[in-house]
2 protein chains.
Amino acid sequence: MAAIGDVARLAGVSKATASRALSGGGHVAADTRRRVEAAASEIGYIASPAAASLVTGRTKNVGVVIPIVNRWFFGEVLEGIERALLSAGYDLTLYNVGEHGPARDRVFEFFLARKRVDAVIAIGVDLAEHEAARLAQSGKPLVCLGGRGAVDARLAIDDHAVGTLATEHLLGLGHTRIAHLAGLDAVAEPGSVPGERLRGYLDALASAGLAPGEGHVVEADTTMPAGCTGALQLLGRPGPRPTALFAASDEMAIGAMIAAERLGIAVPGELSVIGVDGHEYAEMFGLTTVEQAPGEQGRLAVDAVLRLLGEGEVADPLPDSGAPLPTRLVVRSSTTAPPRG
Amino acid sequence: MAAIGDVARLAGVSKATASRALSGGGHVAADTRRRVEAAASEIGYIASPAAASLVTGRTKNVGVVIPIVNRWFFGEVLEGIERALLSAGYDLTLYNVGEHGPARDRVFEFFLARKRVDAVIAIGVDLAEHEAARLAQSGKPLVCLGGRGAVDARLAIDDHAVGTLATEHLLGLGHTRIAHLAGLDAVAEPGSVPGERLRGYLDALASAGLAPGEGHVVEADTTMPAGCTGALQLLGRPGPRPTALFAASDEMAIGAMIAAERLGIAVPGELSVIGVDGHEYAEMFGLTTVEQAPGEQGRLAVDAVLRLLGEGEVADPLPDSGAPLPTRLVVRSSTTAPPRG
DNA sequence: GATTCTTCCGGAACCGGTTCCATCCCAAGC
DNA sequence: GCTTGGGATGGAACCGGTTCCGGAAGAATC
């Protein structure tokens, strides 16, 4: 394996100059730099990241902590992060941590504590106090995308506003019996994503002088099958049926549309459905939704990390660090005015 | 930051002994080892991976190359790999490479060529000749899961057998008009996954003295929306309608079931549907499918890599390296005998 | 023309581990 | 009692870069 000493010898310069020519920012004559570069490519020299990081303390590597890979939103964020990091010359080390337990502790205590990553991006994970503390103590920048826990840099959409926006869209169409397919633990955990969306929904209803009908708020996993099951339960019960349904995710909304089709309920004729996410399948199903852009959110998280690492261009406009990430209502064919009568 | 010298001093031994006590396999007195370990934990010593890998040449890090994160199969494999690597003390560095282009070249030429990963796992990627050569030249073990290209270690299911198995299930139920929703380029690329499944389907039909009806083989992306669109096209055309449909993936199969529902075609009464994958949603839709176990496949790939790195237990039974990965038929409620008449 | 500044470059220390080699000591074998 | 052997340990080299420091040469200033 070719080392930088070989390059230097071939180019007739010292190791120091070779290093400066190849990576350092020091003053090197243009001609010398060319000679060194030629020598390097001639013998196929590739710098050792380990040696460099040993002395600089930086690894050009960012750890990404994610609770689950195989959910559309997370996968999309992950792809966005990967692309952005790669084009900045950074590697991405993936840590898939689930519920609290020994495996999760091991990631925080051992893997992330080592000097192998320069920074950490945590996506949708609720950091326990000691986990955040551990990371802070290691001195590595930490950027959170969603999730909860006390950290300095957090990017998130305004989930309360999302709930309000979706509900107001339905209210604006004239609906009054609006049901909600909420995420798990929406009622029990007020600060969580499902909790905030539920609160936004309730607040919008209240502003219109309304309240949800009995059994018109159902909690389910944010997946299509769970959405389908939840909707079957919600739409199948006796009593006045809702004319509109706000689902906490697009997957749930699609599941609900499938449930409606199964029950012979026309969408949007007899039931309007709105979701949240901007899922890639939403368009095919004609689903009205409050879009967020997970891939773009991943890119923004990388931007934030790079800035914290001092790599950001000075020209970069500082993002309004407090402001929530953008969302937007996309109206398709799954929502319309309620049936007359 | 505490270094190993600090630990050694505190324990009253030399750096060499401290290193041996903490990681090396050399002879260390039990009492000394205890003293060193106590000293290490007292000052919160954490070894620097960079320093260790600089001298040992090993990084305890595996690169994973994947064409797309956000597809159920790949996400599942990725999670399986992550879990297995983590429990073996390895890190996972993710490279999401798409079509051939400068970004992809950069991954192979720059990122993977550096001494940052000990081995590479490529999932479902067709390695170009120069890409495989580059990896081979770097001397790093390479394990492929699916995909094509000349490499030494490849794990894959037998896609031809999958196509045959699915088709024979339908034939066994008495179907004769069996359509196929194939993956993209199934006809154009005989060696590919979609191509092999198509061939298995055709061979099974031929063995029964049958051939696909006109327009009864349709190619589509292996997603739910594409499967829906393809099925609408396939089922909507004039002429005798197929009584059974073999879709090249579960997502496509689910899309097809939605299409059938939309067209008022009963499943399985008027149309039997079978897919491939064992998707997490298959059960909810009652979908009969040829299951493969992507998470388990990821674990097996890690096993293979670890063995190549010399970490495998000698006791480990060598897997029949040539044998295809297991698949199995799971019969649910989406397939039945064809309608009479 | 002498002084100062700037640019370019080489020598050498250093990052933090691992490992080779030499040494020491104690127990076993003759 | 002396040699032999092997386990335990320390000293020092080493991995492959980066960076500090100092020197040399040329440009700019007076």
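Me: How many residues of chain A are in contact with chain B?
Reply: The model is predicted. Chain B puts 32 residues into the contact. On the side of chain A, the number is 32.

Me: Which element gives the most to the side of chain A that touches chain B?
Reply: The elements that give two or more residues there are α4, α5 (72-87), β2 (91-96), α10 (224-236) and α11 (250-263) of chain A. One of them gives six residues, the most. That element is α5(A).

Me: How many residues on the side of chain A that touches chain B are charged?
Reply: That side has 18 nonpolar residues. Six are polar. The charged residues number eight.

Me: Which relation links chain A to chain B?
Reply: A turn of 180 degrees and a shift of 0.1 Å along the axis lay chain A on chain B. The RMSD is 0.1 Å. That is the relation of a two-fold axis.

Me: What percentage of the interface residues of chain A are also interface residues in chain B?
Reply: The copies meet through the same surface. That follows because the share of interface residues of chain A that are also interface residues in chain B is 100%.

Me: Which residues come nearest to DNA strand C?
Reply: There are 28 residues around DNA strand C. α2 (15-22) and α4 (49-56) of chain A, with α2 (15-22) and α4 (49-56) of chain B, each supply at least two residues of this surface. By class, the surface has 16 nonpolar, nine polar and three charged residues. Nearest come Thr17(A), His27(A), Ile4(B), Ala16(B) and Ser19(B).

Me: Which residues come nearest to DNA strand D?
Reply: Around DNA strand D there are 29 residues. α2 and α4 of chain A and α2 and α4 of chain B each give at least two residues to this surface. Its classes are 16 nonpolar, 10 polar and three charged. Nearest come Ile4(A), Ala16(A), Ser19(A), Thr17(B) and His27(B).

Me: Which residues touch the most other members of the largest nonpolar core?
Reply: In soluble globular proteins, nonpolar side chains tend to be buried together. The largest nonpolar core here has 88 residues. Leaving aside neighbours within four places in sequence, Ala256(A) is in contact with residues including Leu181(A), Leu245(A) and Val273(A). The residues that touch the most other members are Leu181(A), Ala256(A), Leu181(B) and Ala256(B).

Me: Is Leu155(B) buried or exposed?
Reply: Leu155(B) lies in strand β5 (residues 153-155) of chain B. Beyond four places in sequence, Leu155(B) touches residues including Val143(B), Leu300(B) and Leu325(B). It has 21 other C-beta atoms within 10 Å, and the cut-off is 20 or more. Therefore Leu155(B) is buried.

Me: How far apart in space are Glu131(B) and Leu155(B), C-alpha to C-alpha?
Reply: Glu131(B) is in helix α7 (residues 129-137) of chain B. With 24 C-beta neighbours inside 10 Å, Glu131(B) counts as buried. In sequence, Glu131(B) and Leu155(B) are 24 residues apart. In space, they are 18 Å apart.

Me: What distance does helix α8 of chain A reach from its first C-alpha to its last?
Reply: α8(A) covers residues 159-172 and has 14 residues. The span expected at 1.5 Å a residue is 20 Å. The helix comes close to that expected value, reaching 20 Å.

Me: Which residue just after α8(A) takes a positive phi?
Reply: Within α8(A), the buried residues include Val162(A), Ala166(A) and Leu170(A). Among the elements that cover the buried residues are β6 (178-182) and α9 (193-207) of chain A. Just after α8(A), phi is about 110 degrees at Gly174(A).

Me: Is the peptide bond from Val267(A) to Pro268(A) cis or trans?
Reply: Most peptide bonds are trans. Pro268(A) lies in the loop between α11 and β9 of chain A. Omega from Val267(A) to Pro268(A) is near 10 degrees, and the bond is cis.

Me: Is Lys60(A) buried or partly exposed?
Reply: Lys60(A) sits in the loop between α4 and β1 (61-66) of chain A. Its phi is positive, about 55 degrees, although Lys60(A) is not a glycine. Because Lys60(A) has 19 other C-beta atoms within 10 Å, it is partly exposed.

How values were computed. Residues numbered from 1 in each chain as written. Chains lettered and ligands numbered in written order. Predicted model: local features only at pLDDT ≥ 70, side-chain atom pairs only at ≥ 80, totals over all residues. Near = placed C-beta within 6 Å. Helix = DSSP H or I, 4+ residues; strand = E, 2+ residues; numbered from the N terminus. Nonpolar A, V, L, I, M, F, W, Y, C, P; charged D, E, K, R; others polar. Least-squares fit on C-alpha atoms with pLDDT ≥ 70 in both. Contact = placed C-beta atoms within 7 Å. Core = buried A, V, L, I, M, F, W, Y, C linked by C-beta atoms within 7 Å. Buried ≥ 20, exposed ≤ 12 C-beta atoms within 10 Å, placed from the backbone. Expected span 1.5 Å × (residues − 1).
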